[in-house]
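Here is a short walk through one protein structure. Keep the model in view and follow along from one site to the next.

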Amino acid sequence: MSVSAPGAVTPAEPDAPEPRGVEVGRPSAVWVLIAGVLGLAAALALTIEKVELLIDPSYVPTCSLNPVLSCGSVMVTPQAAVFGFPNSLIGVVSFTVVLVTGVLALTRVQLPRWYWAGLAVGSLLGTVFVHWLIFQSLYRIGALCPYCMVVWAVTIPTLIVATAIAVQPQRGNAVLRALHTWRWSIVALWFTAVILLCLVRFWSYWSTLI
């Protein structure tokens, strides 16, 4: 065993390598995967129904259940193709990304922080678009699309989860810490608000079912 001579300078220990990506907890990874599966399934179903409707204008979509829950009434409106093609195609692309992200996170692949930040920004844009569609469905079209509602239901939690992952080290910030602590309460309030809006808007029909 060698002893360093007096006054000798001990070589500095090499710095520990910085993690190449963000570590994601299993619950968050599972949620991202579930959101990707549900969102992609709904988007694909909408796309298939739209194709069937284009082939046969008299076709009744499987999600047209009654005068209120009616995909067919929504699909034929301009709002269903805001950018000149069916909105569901945006969902197919977007939720494929979410699904792949969920698979990678669940298999412990540490994606870089900028990736999660990008996913959070994309989810934010999706959330804004979803709220516009909610307004259009309730107060302009006057009908609800069940498959669309599945997309609504997974978009907000995806935004919350992606944002929480992207800002992990910054939880020392009081505002971010509070938002992180209450994130699922915020989601619950959002769901409650949307459900109440749907109940109030179509109460004349819902009341006939009681």
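A disulfide is a pair of cysteine sulfur atoms within 2.5 Å. In this predicted model, C63 and C71 meet that rule, with their sulfur atoms 2.1 Å apart. The count for the structure comes to one disulfide. The torsion about the S-S bond of C63 and C71 is about -135°, so this disulfide is left-handed. Both C63 and C71 are buried.

Now step back to the whole chain. The protein chain has eight helices and zero strands. Read along the sequence, the pattern is α-α-α-α-α-α-α-α. The chain holds 210 residues, and buried residues make up 35% of them. Take the contacts in the chain with a separation of 6 or more. Residues 24 or more positions apart account for 76% of these contacts.

Start with helix α1, which covers residues 26–55. E49 lies in this helix. E49 is buried, yet it has no salt bridge. The nearest side chain of opposite charge belongs to K50, and K50 is 11 Å away. What does E49 touch, leaving aside its neighbours within four places in sequence? E49 is in contact with Y59, P61, T62, C63, M75 and Y147. One of these residues, C63, is a partner in the disulfide with C71.

Move on to the loop between α3 and α4. R108 has its place there. Most residues other than glycine have a negative phi. R108 is not a glycine, although its phi is positive, at about 70°.

Helix α4 comes next and runs over residues 113–141. α4 has 29 residues. From its first C-alpha to its last, α4 reaches 40 Å, close to the 42 Å expected at 1.5 Å a residue. The buried residues of α4 include W116, L119, A120, S123 and T127. Farther on in the list of buried residues come V130, L133, I134, Q136, S137 and L138. What do the buried residues of α4 pack against? They pack against α1, α3 (87–106), α5 and α7 (183–201). After α4 comes G142, whose phi is positive, near 75°.

Two residues of α4 deserve a look. The first to examine is L124, which is found in this helix. Is L124 buried, partly exposed or exposed? L124 counts as partly exposed, because its relative accessibility is 45%. The C-alpha atoms of L124 and I160 are separated by 9.2 Å. Along the chain, L124 and I160 are 36 residues apart.

The other residue is I134, which also lies in α4. I134 has a relative accessibility of 7%, so it counts as buried. Leaving aside its neighbours within four places in sequence, I134 is in contact with W152, W190 and V194. I134 can also be compared in position with C145. These two residues are eleven residues apart along the chain, and their C-alpha atoms are separated by 10.0 Å. C145 is buried, with a relative accessible area of 1%.

Helix α5 covers residues 146–166. α5 has 21 residues and reaches 31 Å from its first C-alpha to its last. That span is close to the 30 Å expected at 1.5 Å a residue. How many of the 21 residues of α5 are buried? The number is 15, so α5 is largely enclosed by the rest of the structure.

Finish with the aromatic rings. A pair of aromatic rings is described by the distance of the centres and the angle of the planes. The count comes to eight aromatic pairs. W114 and Y115 form one such pair, and the pair is edge-to-face. Their rings lie 6.2 Å apart centre to centre, with 70° between the planes. W114 counts as exposed, because its relative accessibility is 65%. Y115 counts as partly exposed, at 22% relative accessibility.

Y205 and W206 make another pair. Their ring centres are 5.6 Å apart and their planes stand at 65°, so the pair is edge-to-face. W206 counts as buried, at 18% relative accessibility. Elsewhere, F83, F85, F129 and W132 form one aromatic cluster.

Conventions:
Residues numbered from 1 in each chain as written. Predicted model: local features only at pLDDT ≥ 70, side-chain atom pairs only at ≥ 80, totals over all residues. Heavy atoms only, no water. Buried < 20%, exposed > 50% of the residue type's maximum accessible area, 1.4 Å probe, protein only. Helix = DSSP H or I, 4+ residues; strand = E, 2+ residues; numbered from the N terminus. Lys, Arg positive; Asp, Glu negative; His and termini not counted. Salt bridge = Lys/Arg side-chain N within 4 Å of Asp/Glu carboxyl O. Contact = heavy atoms within 4.5 Å. Phe/Tyr/Trp six-rings, centres within 6.5 Å; stacked < 30°, edge-to-face > 60°. Expected span 1.5 Å × (residues − 1).
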